[in-house]
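Open the model in your viewer and keep the selection tool at hand. This tour goes stop by stop, saying what to pick and what is there.

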Amino acid sequence: METTVEKNTKAIGTYAAEQPLAPLNIARRSLTTHDVEIDILYCGICHSDLHAARDEWGGTKYPIVPGHEIVGRVTRVGDHVTKFKIGEMAAVGCIVDSCRTCDPCKEGLEQFCEPGNTIVFGSKDKHTGGHTFGGFSENIVVDENYVLHIPETMDPATAAPLLCAGITVFSPLKHWKAGPGKKVGIIGIGGLGHLAIKIAKAMGAHVVVFTTSISKSEDAKRLGADEVVLSTDEHQMKQSPKMDMILDTVSANHNVNDYLKLLKVDGTLILVGLPADKLEVGAFNLAKGRKSFSGSNIGGIAETQETIDFCAKHNITAEIELIQPEQINEAFERLEKGDVHYRFVVDMASLKSV
Ligand code: NAP
Ligand code: ZN
Ligand code: ZN
């Protein structure tokens with residue numbers, strides 16, 4: 001279906017991996033009958049935005065407008081929209097469409113859609129024929145079935161990171177049954193890691209956090225960690241308890257074998273971090289103790305809503321540094337160094353005056 005391009009929209013993006021992000025204009029499609037238009041108020045910065053903008057995984061389509069932790073207000077709805085009303089809070093994460101008919105889609109696992117889903121930026125846009133643009137922009141048009149509800153009681157700026165960081169850790173914590181009586185390890189205290197600590201704790205697990213940053217140790221306790229291990233300290237690593245599951249949120253290359261050794265018999269190490277380089281796994285570190293090495297990727301639409309509702313119920317939102325659109329490049333530099341406390345969120349409403 002070809003849809004007309006309607007709205008000229010201010011955005012922040014880049015035309016090449018080595019260029020900094022800067023203001024540019026994009027076009028948003030005119031509303032189809034099931035579309036919702038959202039005036040974007042806040043958008044979180046995920047390390048995946050940085051990996052993609054710099055083409056660290058390969059295959060980035062330029063120009064890229066990153067941003068996939070989007071919260072705003074509905075400004076217009078298509079004729080057949082039933083799930084949203086003008087003026088309501090609404091949110092968009094990574095997935096903005098999928099085939100809706102394959103087995104994973106039917107099971108609510110749109111993140112694993114077999115013919116391939118449409119990601120909020122850099123995917124083929126079946127409406128315009130071009131590619132999609134993300135949330136570092138004034139507004140966005142998305143099919144209502146891929147838009148999430150944000151309770152009016154939640155602060156929209158600190159809720160934004162739930163749309164990627166939140167669901168990405170909630171989904172595996174639930175799947176591998178984090179809860180009372182379970183010891184759960186979390187590696188890395190960044191955007192994903194700090195929400196994982198809060199969510200695993202709210203699920204009732206005993207939480208052990210691994211960090212390379214001694215300066216984050218106190219915060220880890222405040223966020224809910226029962227134990228904190230400085231992973232650069234061999235002695236502390238040797239003293240660490242054994243765990244049922246470990247969630248690895250590290251964005252750069254690192255030695256996963258050090259953590260496989262810390263699993264109980266039948267324990268699982270789950271990668272959610274997506275470093276560009278290959279990771280090496282020693283066979284004996286899996287065979288001895290019947291251990292599993294696994295991974296998880298964001299989560300489906302219904303589970304994203306479940307994450308938001310779970311977090312609203314348990315008073316969980318992100319710890320954020322609110323920044324202006326012109327500070328995105330500086331935030332990328334700080335993310336690269338692990339200097340994040342604990343999610344950058346961009347005040348997108350101010351883009352209108354740029
Ligand atoms: P982030 O905020 O930058 O946090 C990553 C943390 O990893 C850092 O704060 C740091 O924590 C630790 N770290 C960084 N470099 C390290 C190194 N060389 N060795 C050991 N630890 C290191 O990133 P994020 O936004 O949470 O994203 C984390 C990763 O998950 C990224 O690769 C991102 O692309 C990926 N991701 C995956 C999914 C998915 O669906 N699978 C979804 C979203 C994001 P400490 O200072 O505590 O050591
Ligand atoms: Zn993300
Ligand atoms: Zn599908």
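Two strands count as paired if DSSP finds at least two bridges between them. Keep in mind throughout that this is a predicted model.

**Stop 1: the open sheet**

Select strand 13, residues 243-248, together with strand 14, residues 263-271. The two run parallel and are joined by 5 bridges. Pick M243 and look across: L263 of strand 14 stands opposite.

Now widen the selection to the whole sheet. In what order do the strands of this open sheet lie? The order is 12-11-10-13-14-15, 6 strands with parallel pairing. Strand 12 (227-230) and strand 15 (292-295) are the edges, and each of them pairs on one side only. Look along the sheet to see the twist, which averages 20 degrees from one strand to the next.

Add helix 4, residues 165-175. Helix 4 packs on the sheet and touches strand 10 (183-187), strand 13 and strand 14. Its direction makes about 160 degrees with that of strand 13.

**Stop 2: inside helix 4**

Stay on helix 4 and colour by accessibility. Of its 11 residues, 9 are buried, so the helix is largely enclosed by the rest of the structure. Which residues of helix 4 are buried? They are A165, G166, I167, T168, V169, F170, S171, P172 and L173.

Next, show what surrounds them. The cover over these buried residues includes strand 10, strand 13 and strand 14. It also includes helix 5 (191-202), helix 10 (301-313) and strand 17 (343-347). Step past the end of helix 4 to K177, which has a positive phi near 60 degrees.

**Stop 3: the zinc ion**

Select ligand 2, a zinc ion. Which protein atoms are its donors? They are SG of C46, NE2 of H68 and SG of C164, at 2.0 to 2.3 Å from the ion. Along the sequence the donor residues follow the spacing C-x21-H-x95-C.

Now pick H68 and C164 as a pair. They link distant parts of the chain, 96 residues apart. H68 sits in the loop between helix 1 (47-53) and strand 4 (70-77). C164 sits in the loop between helix 3 (156-159) and helix 4.

Are these two donors buried or exposed? H68 has a relative accessible area of 4%, and C164 is at 5%. Buried means under 20%, so both H68 and C164 qualify.

**Stop 4: an aromatic pair**

The structure holds 2 aromatic pairs. Go to the one formed by F210 and Y259. Their ring centres are 5.3 Å apart. The planes meet at 85 degrees, so the pair is edge-to-face.

Zoom out and trace the chain. F210 belongs to strand 11 (residues 206-211) and Y259 to helix 8 (residues 257-260), so the contact ties together parts 49 residues apart in sequence. F210 is buried, at 1% relative accessibility. Y259 is buried as well, at 7%.

**Stop 5: helix 11**

Select residues 328-336, which make up helix 11. Its buried residues are I328, A331, F332, R334 and L335. Look down the axis: these residues cover an arc of only 165 degrees, so they lie on the same side of helix 11. An α-helix has 3.6 residues a turn, so residues three or four places apart point the same way.

After helix 11 comes G338, with a positive phi near 75 degrees.

**Stop 6: backbone details**

Where are the cis peptide bonds of this stop? One joins Y62 and P63, with omega about 0 degrees. P63 lies in the loop between helix 1 and strand 4. Another joins H341 and Y342, with omega about -15 degrees. Y342 is in the loop between helix 11 and strand 17.

Now pick R100, in the loop between strand 6 (95-97) and helix 2 (103-106). Its phi is near 70 degrees, a positive value in a residue other than glycine. R100 is partly exposed, with a relative accessible area of 37%.

Finish on D266, back in strand 14. D266 is not a glycine, yet its phi is positive, about 70 degrees. Its relative accessible area is 42%, so D266 is partly exposed.

Terms used
Residues numbered from 1 in each chain as written. Chains lettered and ligands numbered in written order. Predicted model: local features only at pLDDT ≥ 70, side-chain atom pairs only at ≥ 80, totals over all residues. Heavy atoms only, no water. Helix = DSSP H or I, 4+ residues; strand = E, 2+ residues; numbered from the N terminus. Axes fitted to C-alpha atoms, helices over the stretch in contact; angles between N-to-C directions. Contact = heavy atoms within 4.5 Å. Donors = N, O, S within 2.8 Å, 3.2 Å for Na, K, Ca; no water. Buried < 20%, exposed > 50% of the residue type's maximum accessible area, 1.4 Å probe, protein only. Phe/Tyr/Trp six-rings, centres within 6.5 Å; stacked < 30°, edge-to-face > 60°. Arc of directions from axis to C-beta.
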